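Good morning, everyone, and thank you for making room for me in today's meeting. Please have the structure open while I talk, and stop me wherever a residue is hard to find.

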Amino acid sequence: KLAPYQEPEIRRVSLSEVCLQIMLLGRDEVRSFFSKALSPPTDEMVEESLQYLRTINAIDSSFRLTALGFHLAKLPVEPVLGKLLIYGAAFGCLDPILTIASALSYKSPFLKSFDDRDQVDRIRGIFAGDTNSDLVAVVRAYNGWKGCQSQQESRQYLRANFLSYHALTMIDKYKKQFRSQLVSIGFVQRKYELLEDQNSGNISLLMAIISGGLYPNLALVTATPPPSAAAAVTTD
């Protein structure tokens with residue numbers, strides 16, 4: 001049975017970004033602030049958001065903004081993406097991080113065709129190489145598309161690599177927006193400088209930034225399931 005009306009958004013989404021905005025305005029008691037809303041979120045939702053912000057070092061043990069949290073609060077994006085962008089700018093690895101943040105915000109440029117699923121996985125694996133990273137694959141696929149010298153070459157590249165032109169153009173648009181937001185908080189200059197990407201070719205650093213930026217949203221995939229997981233699998 002459907003509910004008579006949809007729950008207010010404040011009770012359906014993560015409050016992490018809103019918590020940062022409240023603290024940036026100098027309102028330290030976030031819980032009290034939310035309690036005054038017409039349809040306040042549950043205490044559990046507020047506490048979960050605050051604990052998440054502590055986990056990513058956006059706030060300290062006294063629930064005050066850290067230096068990282070201050071900058072995240074100024075970026076109109078989810079904290080996890082903001083952290084990724086700030087790390088990319090700080091370590092001179094901005095362009096690939098802009099690509100990754102844009103793909104995470106929109107979607108992967110690789111086509112999702114059931115009939116061609118194996119082919120798409122194979123192509124994605126080729127782009128990922130030894131990194132085994134879908135995000136690195138997106139960066140390399142995007143860079144290859146940007147390197148095309150003509151519309152014909154671009155069409156051939158997209159078709160051969162099962163890539164969506166629309167998704168790539170949207171990623172391009174998002175990248176410009178994200179860079180503009182970093183300019184607005186003083187992390188990069190309005191005019192492009194080589195320092196932004198002095199380490200963009202360093203795959204080890206890129207992988208470290210991805211891991212640090214997306215933490216704790218990480219998972220470890222092992223080649224074989226641990227004994228406890230294998231034991232849980234039964235057959236009829």
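Ser154 is buried, because its relative accessible area is 11% and the cut-off for buried is under 20%. This is a predicted model, and Ser154 is found in helix 9, which covers residues 151-160. If we set aside the residues up to four places away in sequence, Ser154 touches Trp145 and Cys148.

Let me follow Trp145 for a moment. Trp145 is itself buried, with a relative accessible area of 11%, and its ring forms a pair with the ring of Tyr165, the two centres lying 6.2 Å apart. How are these two rings turned with respect to each other? Their planes stand at 80°, so the pair is edge-to-face, since planes over 60 degrees apart are counted that way. Trp145 lies in helix 8 (residues 134-146) and Tyr165 in helix 10, so this pair ties together parts that are 20 residues apart in sequence.

Searching the whole structure gives seven aromatic pairs, and a second one that I would like to show joins Tyr106 and Tyr174, whose ring centres are 6.0 Å apart. Here the planes are at 45°, so the pair is described as tilted. Tyr106 sits in the loop between helix 6 and helix 7 (117-128), whereas Tyr174 belongs to helix 10 (residues 165-184), so the pair ties together parts that are 68 residues apart in sequence. Are these two residues buried, partly exposed or exposed? Tyr106 counts as partly exposed, at 28% relative accessibility, and Tyr174 also counts as partly exposed, at 21%. Ring pairs link Tyr106 and Tyr174 with Phe178 into a cluster.

Rings can also have a charge above them, and Phe63 is the residue to look at for this. The charged end of Arg31 sits over the ring of Phe63, 5.0 Å from its centre, and Arg54 lies over the face of Phe63 as well, at 5.9 Å from the ring centre.

Now let us turn to the interior. The largest nonpolar core has 44 residues, and those with the most contacts inside it are Val30, Leu53, Ile97, Ile100, Leu182 and Ile210. Helix 5 (residues 79-90) supplies the largest share of this core, namely six residues. Apart from this core lies another, of 18 residues, and among them are Ala103, Val138, Trp145 and Leu163, so please notice that Trp145 has come back into the story. As for Leu182, once its neighbours within four places in sequence are left aside, Leu182 is in contact with Leu75, Leu85, Ala89, Leu94, Leu98, Phe187 and Val188.

Thr99 also deserves a look, being placed in helix 6 (residues 94-105) and buried, with a relative accessible area of 0%. Beyond its neighbours within four places in sequence, Thr99 is in contact with Val138, Val139, Tyr142, Ile171 and Lys175.

Finally, what about the empty space? The largest pocket holds about 330 Å³ of space, and 12 residues line it, of which Asn132, Ser133, Ile210, Leu218 and Ala219 lie nearest its centre. Which elements give two or more residues to this lining? They are helix 8 and helix 11 (203-214), and helix 11 gives the most, with four residues. Ile210 therefore appears twice in this talk, as a lining residue of the largest pocket and as one of the residues with the most contacts inside the largest nonpolar core.

How values were computed
Residues numbered from 1 in each chain as written. Predicted model: local features only at pLDDT ≥ 70, side-chain atom pairs only at ≥ 80, totals over all residues. Heavy atoms only, no water. Buried < 20%, exposed > 50% of the residue type's maximum accessible area, 1.4 Å probe, protein only. Contact = heavy atoms within 4.5 Å. Core = buried A, V, L, I, M, F, W, Y, C linked by side-chain atoms within 4.5 Å. Phe/Tyr/Trp six-rings, centres within 6.5 Å; stacked < 30°, edge-to-face > 60°. Lys NZ or Arg CZ within 6 Å of the ring centre and 35° of its normal. 1 Å grid on protein atoms, 1.4 Å probe; cavity = no way out; pocket = protein on both sides within 12 Å on 5 of 7 lines; lining within 4 Å. Points joined across faces, edges and corners; volume = space filled by probe spheres on them.
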